[in-house]
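Student: I have a protein model to go through. Can we take it step by step?

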Amino acid sequence: MTLFEAILFGIIQGLTEFLPVSSSGHLALFQNILGMEDPERLVAFNVLLHLGTLVAVFIMYWKDILPLIPAFFTLMGKVFKGKFKFSEYTYNERFVLLIIIATIPLLPAALLEDKISFIAGYLSVVGAILVINGGVLLYSDKLSRGNLTIGEANGKNALFIGMFQAFAALLPGLSRSGSTITGGLLSGFDRQSAVKFSFIMSLPAIAGACVLKLPKLFEETESMGQLGIYAVGAVVAAIVGLLAMKLLTYISKKSNFKGFAYYCFAAGILAIVWDTVTSISM
């Protein structure tokens, strides 16, 4: 991998991880177009890019995230004492529990990931999923605005949103942020709470992927030699990701996702056309 490719993928990851246009879909498109065909190394590099966006989430929401660390331990203490009612937990303890519940659907999704990861190699399929993602975004704009906040949500709300995250994790082209924000709106969240919960609930998923797949970076000598270039991509992803989060937070307050939906339609159709033309010319 060249330095240019690492920076390019860092920009793509940072923008598309948080803007509702699918980071996995865009990475798959560019990797296919540029002819990068080493899937094992790409998995590791993609995870390192996600590590960069993980840092961006911490920077953006550190005031919300830091109190969750001691809240996790006090929550566990109450659970072991037999206190299972939401009313018995503090705001931060409920927040931690909601994140845990929302992460549960990712467990079966992780078991299926290797079986369907081949989808990313088919540009037409990724393009079609991008078009579907655009439809999801248009649908989210038509949802009535709820008034549910994170502090008022319950386990059913979190599990429902977590199912959206699981589907997005499996399908390259389906945006995680767009899907989970839509799930939050369907659950009755107000738009700002849906956006915040979408970003913060991504932490366990990204961290888990890093723990499971990052060791692949160290399996080959060639990969070790690329660590510096990989790190540049991760730093770029963190910086661009932070800017993207700020942009989406602003847009969620002032406007809708129609522009992102039209972009997904265009990108998806172009991917299908590109795949068709290159297949014919081969």
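**Patch, salt bridges and a helix pair**

Student: Which helix gives the largest share of the nonpolar patch?
Tutor: The largest share is three residues. Helices here are DSSP runs (H or I, at least four residues), numbered from the N terminus. Phe73 is found in helix α4. The helix with the largest share spans residues 68–80: α4.

Student: How should I read this model?
Tutor: This is a predicted model, where local features need pLDDT of at least 70, side-chain atom pairs count only at pLDDT 80 or more, and totals for chains, interfaces and linings use all residues. Residues are numbered from 1 along each chain as its sequence is written, and side-chain values use heavy atoms, leaving out hydrogens and water.

Student: How many residues apart in sequence are the parts that Arg176 and Glu17 tie together?
Tutor: Arg176 forms a salt bridge with Glu17 (a Lys or Arg side-chain nitrogen within 4 Å of a carboxyl oxygen of Asp or Glu). Their closest N and O atoms are 3.9 Å apart. Arg176 lies in helix α9 and Glu17 in helix α1, so the tied parts are apart in sequence by 159 residues.

Student: How many salt bridges does the structure hold?
Tutor: Side chains of opposite charge can pair when their charged atoms come close. The salt bridges in the structure number four.

Technical notes:
Helix = DSSP H or I, 4+ residues; strand = E, 2+ residues; numbered from the N terminus.
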